[in-house]
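User: Can you zoom in on the start of this chain and then follow what it connects to? I'm in my first year, so please explain the terms as you go.

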Amino acid sequence: MFAIVEIAGLQYKVEQDQRLYVNRLQGERGDKVSFDKVLLTVNESITVGAPAVQGISVSAEILDHLKADKVIVFKKKRRKGYKVKNGHRQPLTQILITGITGFEGGTKKTVKKVERKPKSDAKFATPPKSGEKKETPKANPNSDHNTLK
């Protein structure tokens with residue numbers, strides 16, 4: 001069982017007891033947080049939200065606030081004497097997914113797997129019969145590929 005949930009503007013595939021790093025969240029270490037914008041769930045059947053699944057939420061616990069590895073931003077223009085070096089460390093929050101709740105309530109849209117028929121392409125079309133003329137594509141008069149220089 002898993003869900004796709006939007007956390008701090010980004011979408012994550014989450015399962016129970018999973019640890020993940022997300023953009024900095026409000027709250028202290030040990031606080032419980034809940035995410036209501038669940039976009040898709042899979043629990044014996046696929047439930048797709050439009051845009052979110054109603055009645056389902058993902059609960060998590062904040063484990064730690066930290067910073068990501070440093071990213072170096074270096075700008076240079078040749079022969080101009082211009083060099084700028086900057087660094088950036090993205091603030092992150094480590095969370096532990098404690099549960100996905102609310103599968104009984106709310107409206108759900110269940111998606112059934114549908115077999116798709118292959119599209120009929122020109123390369124798979126039946127060949128022309130002996131009495132019929134075969135159409136050939138005409139050259140584009142504006143194209144440079146058709147003229148000799």
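Analyst: One bit of vocabulary before we dive in: a residue is buried if its relative accessible area is under 20%, exposed if it is over 50%, and partly exposed in between (1.4 Å probe, protein chains only). What you're looking at is a predicted model, where local features need a pLDDT of at least 70 and side-chain atom pairs count only at pLDDT 80 or more, while totals for chains, interfaces and linings use all residues. Residues are numbered from 1 along each chain as its sequence is written, and side-chain values use heavy atoms, with hydrogens and water left out.

Now for the strands. Strands here are DSSP runs of E with at least two residues (helices would be runs of H or I with at least four), numbered from the N terminus. Two strands count as paired if DSSP finds at least two bridges between them. Generally speaking, strands of a sheet pair through backbone hydrogen bonds, either parallel or antiparallel.

Let's start with β1, residues 2-7. In a regular strand the side chains alternate between the two faces of the sheet. You can see two faces here: Ala3, Val5 and Ile7 make up the covered one, while Phe2, Ile4 and Glu6 are on the uncovered one.

What does β1 pair with? One partner is β2 (residues 10-14), held antiparallel over 5 bridges, with Ile7 standing opposite Leu10. The two strands make a hairpin with 2 residues between them, and Ala8 in that turn has a positive phi of about 55 degrees. That's worth a second glance, because most residues other than glycine have a negative phi, and most peptide bonds are trans.

β1 also runs antiparallel to β5, joined by 4 bridges. Phe2 has Val42 as its bridge partner there, and Ile4 has Leu40. β5 covers residues 38-42 and is mostly tucked away, with 4 of its 5 residues buried.

Keep going and β5 leads you to β6 (residues 46-48), an antiparallel pairing over 3 bridges. Thr41 and Thr47 are bridge partners in it. This hairpin has 3 residues between its strands, and Glu44 is the one there with a positive phi, near 70 degrees. Is Glu44 buried or exposed? It's exposed, at a relative accessible area of 81%.

There's a similar kind of backbone oddity at Asp17, a residue other than glycine with a positive phi near 65 degrees. You'll find Asp17 in the loop between β2 and β3, and it is exposed at 60%. Past β6, the peptide bond from Ala50 to Pro51 is cis, with omega near 0 degrees; Pro51 is in the loop between β6 and β7 (57-67).

Back to Glu6 in β1, since its side chain reaches out to another part of the chain. A salt bridge means a side-chain nitrogen of Lys or Arg within 4 Å of a carboxyl oxygen of Asp or Glu. Glu6 makes one with Lys37, the closest N and O atoms being 3.8 Å apart. Glu6 lies in β1 and Lys37 in the loop between β4 and β5, so this pair ties together parts that are 31 residues apart in sequence. Both ends are partly exposed: Glu6 is at 26% and Lys37 at 38%.

By that rule the model has 3 salt bridges. Another joins Asp64 and Arg29 (2.7 Å, N to O), linking β7 to the loop between β3 and β4, 35 residues apart. Asp64 is partly exposed at 22%, whereas Arg29 is exposed at 60%. Glu61 and Lys32 also meet in a salt bridge, at 3.4 Å, connecting β7 with β4 across 29 residues. Here Glu61 is partly exposed at 21%, and Lys32 is exposed at 61%.

How confident is the predictor? pLDDT is its confidence in each residue, from 0 to 100. The chain averages 84, and 68% of the residues score at least 70. Residues 105-110 fall below 50. Where pLDDT is low, the predicted coordinates should not be read in detail.

Technical notes
pLDDT is the predictor's confidence in each residue, from 0 to 100. Contact means heavy atoms within 4.5 Å.
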